[in-house]
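Biologist: Before we look at any details, could you take me through this model one question at a time, giving the reasoning before each result?

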Amino acid sequence: MTIHVLPDQLASQIAAGEVVERPASVVKELVENAIDAGATAITVEVRGGGRDLIQVADNGAGIPAAEIETAFLRHATSKLTTADDLWAIRTLGFRGEALASIAAVSRATVVSRATGQTTGVRLVLEGGQSVARETVGAPAGTVIAVENLFYNVPARLKFLKSVTTEKRLIDEFVTRYALAYPRIRFRLSHDGRVTFQTTGSGATADVLLAAYGPDTTRQLIEVQLSEAEEANAGAGGRRSALVHGYISDPALTWAGRNHILLFVNGRAIRDPRLTFAVIQAYHTLLPGGRYPLALLFVGLPPEEVDVNVHPTKVEVRFRDEGAVFGAVQRAVRRTLLQTTPARGIGGWPTNGPAAAGWGSFRPAEDGRGLPANQLDIPWQLRGPAPEPIEGGGTAEAPELPGTAATRLPIMRVIGQVGAAYIITEGPDGLYLIDQHAAHERVLYEQFLAQRRGIHVASQGLVAAATVYMSPSQSRLIEENLPLLTELGFEIESFGPNAFRVRAVPAILSRSDPAEAVAAVVTDLENETTPLKTQIEALVIKRVCKTAAVKAGQVLSRVEMEELITQLEACNIPHTCPHGRPTLIHLSAATLARQFGRT
Ligand code: ADP
Ligand code: MG
């Protein structure tokens with residue numbers, strides 16, 4: 001074959017493929033254009049998951065009649081003029097590719113009337129070629145209808161997922177932008193049925209309610225700027241990343257990370273590193289394999305972020321990635337530490353494990369199905385103060401002068417129930433403590449403290465224990481030998497697929513060493529994408545779990561007192577390293593109410 005320049009039509013189809021991957025990309029680009037045009041209402045109508053029709057109507061600035069054909073040319077934009085502008089982008093669009101790309105692979109009809117013009121214009125394009133144009137009467141704003149998507153790119157059509165999948169992607173996308181722009185009234189319909197709409201009230205909480213419903217919304221915690229950040233931002237010295245938004249209470253978890261939504265300067269972005277920063281901030285608060293919800297808005301001076309990385313503009317590059325990572329992680333962690341109180345009965349999620357057994361402790365429901373004290377809650381999300389339990393009740397975590405809100409008060413041991421729970425009394429009522437979970441937490445913090453020091457205390461075994469492994473398990477052990485040594489294990493090869501355990505971390509001294517090593521290996525096998533830090537966390541958690549007292553073990557008073565004293569000293573006493581609660585608090589007020597004293 002000779003080298004030849006591709007015909008225009010083919011070249012634009014290829015280019016279009018980069019921007020318009022699927023129906024959701026069309027929705028994204030059209031909604032972004034409407035936002036850039038200053039719309040206060042955006043209506044999205046979809047038919048057949050976007051294959052038959054995608055129509056986006058807005059009440060924004062409109063496109064002047066004289067420029068309408070230009071708007072559909074490749075690299076035609078009103079948002080950028082010089083290369084320097086690329087470093088001061090304040091609009092969602094800037095590449096001037098979307099309309100051209102969409103028109104190249106569909107039949108597109110645009111009706112627009114620009115502010116200040118008396119008539120509008122209607123333009124129809126097929127495969128990028130203009131086929132009709134007329135002057136029409138039209139409301140101010142723009143309506144773009146895209147039909148027969150990918151009719152001339154059959155290969156793309158074949159790659160589309162099911163209608164349900166495409167619908168879901170469109171829903172996700174519209175929801176994201178509605179959350180980021182609460183002042184804009186959004187309405188989305190599929191095949192004539194409205195599936196999502198917002199009021200445009202300006203309150204993110206209202207949009208959260210529309211997107212996630214009252215149960216989830218009530219369990220979200222607001223991430224606010226720290227005082228220092230606020231002062232700094234006010235003084236105009238805004239160089240570093242500012243992070244605000246909402247995150248879920250650790251009691252609320254999802255199986256995937258797709259509810260971690262990130263925005264940079266109002267743009268929905270995809271960034272695995274920042275997503276990981278959020279997950280890491282929840283470290284030890286969530287059970288393995290469960291993820292939080294997070295809606296985080298990162299604000300940065302435009303020159304600190306390069307948005308011109310990919311045609312779809314969902315990836316960005318930061319000038320100082322580490323700083324942004326740190327800012328996100330700190331903001332989430334700070335919020336969690338300020339707000340994870342002991343779980344009072346009222347603090348359990350409605351569908352939580354305690355709901356059934358402790359049902360009688362739940363506040364009476366009012367006519368709307370919300371607990372009486374939470375009438376106003378949908379609009380007032382939980383701020384840093386712990387959620388009140390029952391009508392007007394006070395916070396669960398009693399604050400002693402000079403202690404952080406998350407610390408436990410000094411408690412008096414009363415006794416043990418069912419060889420599993422310890423009952424204690426504190427300054428504000430009664431605590432039920434899960435002895436295993438509490439001990440795990442204590443050992444975990446002790447282990448981490450040792451780890452931060454020079455080395456982890458190791459306990460030599462009088463008689464070395466031999467363990468036998470499968471070949472793949474042996475490989476795992478060999479690969480992780482240096483780490484295991486750092487963590488206090490002394491393991492050496494002892495023939496094919498056999499190892500001798502000569503020492504274990506000191507806290508394991510009372511456990512069966514062979515069993516402990518086997519448990520660690522099983523955990524490692526279950527981890528599919530082990531980063532070094534994850535492996536380390538896994539091993540530490542397993543060691544603590546193995547060493548902790550079990551349910552069913554009768555404890556002496558001295559042992560119970562010892563455990564409670566150690567729990568009081570913990571930084572995060574309310575959950576075990578796997579994220580389960582360590583204690584349940586029945587406040588004096590709750591008890592008084594339940595006995596009808598108030
Ligand atoms: P970009 O958004 O990157 O500038 P597009 O191809 O998406 O490129 O749009 C080209 C131009 O058409 C925009 O710069 C804008 O001036 C105009 N435009 C597109 N959609 C709208 C709209 N909904 N309202 C007003 N102007 C629009
Ligand atoms: Mg655009």
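Biologist: This is a predicted model, and I would like to begin with K313: does K313 count as buried or exposed?

Modeller: The cut-off that matters here is that a residue is called buried under 20% relative accessible area. K313 has a relative accessibility of 5%, so K313 counts as buried.

Biologist: Which residue forms a salt bridge with K313?

Modeller: The closest N and O atoms of the pair are 3.1 Å apart, and a salt bridge is counted within 4 Å. K313 sits in the loop between β14 (305–306) and β15 (317–318), whereas its partner belongs to helix α2, 284 residues apart, and the pair links distant parts of the chain. That partner has a relative accessibility of 3% and therefore counts as buried. The residue that forms the salt bridge with K313 is E29.

Biologist: Which residues are linked with E29 and K313 in a network of salt bridges?

Modeller: Helix α2 (residues 23–36) holds both E32 and K28, which lie 4 residues apart, about one turn of the helix. These two form a salt bridge in which the closest N and O atoms are 3.0 Å apart, and both E32 and K28 are buried. The residues linked with E29 and K313 in the network are K28 and E32.

Biologist: Which helices does the salt bridge between R451 and E486 tie together?

Modeller: The closest N and O atoms of R451 and E486 are 2.6 Å apart. R451 is partly exposed at a relative accessible area of 22%, and E486 also counts as partly exposed, at 36%. Because R451 lies in residues 435–452 and E486 in residues 481–486, the pair ties together parts that are 35 residues apart in sequence, namely helices α11 and α13.

Biologist: How many salt bridges does the count come to?

Modeller: The contacts discussed above, including E29 with K313 and R451 with E486, belong to this count under the rule of a side-chain nitrogen of Lys or Arg within 4 Å of a carboxyl oxygen of Asp or Glu. By this rule the count comes to 25.

Biologist: Turning to the strands, why is one side of β20 and one side of β21 left without a neighbour in the open sheet?

Modeller: The sheet has 3 strands in the order β20-β22-β21, and their pairing is antiparallel. β20 (458–468) and β21 (490–493) stand at the edges, so the reason is that each has a single partner strand.

Biologist: Which residue of β22 stands opposite I491?

Modeller: β21 pairs with β22 (residues 498–505) in the antiparallel sense, over 4 bridges. Opposite I491, in β22, stands V501.

Biologist: Which helix lies across β20, β21 and β22?

Modeller: The element in question spans residues 513–526 and runs at about 70 degrees to β20. The helix that lies across these strands is α14.

Biologist: What is the sign of phi at H75 and at N265?

Modeller: Most residues other than glycine have a negative phi. H75, in the loop between α3 (68–71) and α4 (98–104), is exposed with a relative accessible area of 56%, while N265, in the loop between β11 (260–264) and β12 (267–269), counts as partly exposed at 34%. Although neither is a glycine, phi is about 60 degrees at H75 and about 50 degrees at N265, and in both residues the sign is positive.

Definitions and conventions: Residues numbered from 1 in each chain as written. Chains lettered and ligands numbered in written order. Predicted model: local features only at pLDDT ≥ 70, side-chain atom pairs only at ≥ 80, totals over all residues. Heavy atoms only, no water. Pairing = 2+ DSSP bridges. Helix = DSSP H or I, 4+ residues; strand = E, 2+ residues; numbered from the N terminus. Contact = heavy atoms within 4.5 Å. Axes fitted to C-alpha atoms, helices over the stretch in contact; angles between N-to-C directions. Buried < 20%, exposed > 50% of the residue type's maximum accessible area, 1.4 Å probe, protein only.
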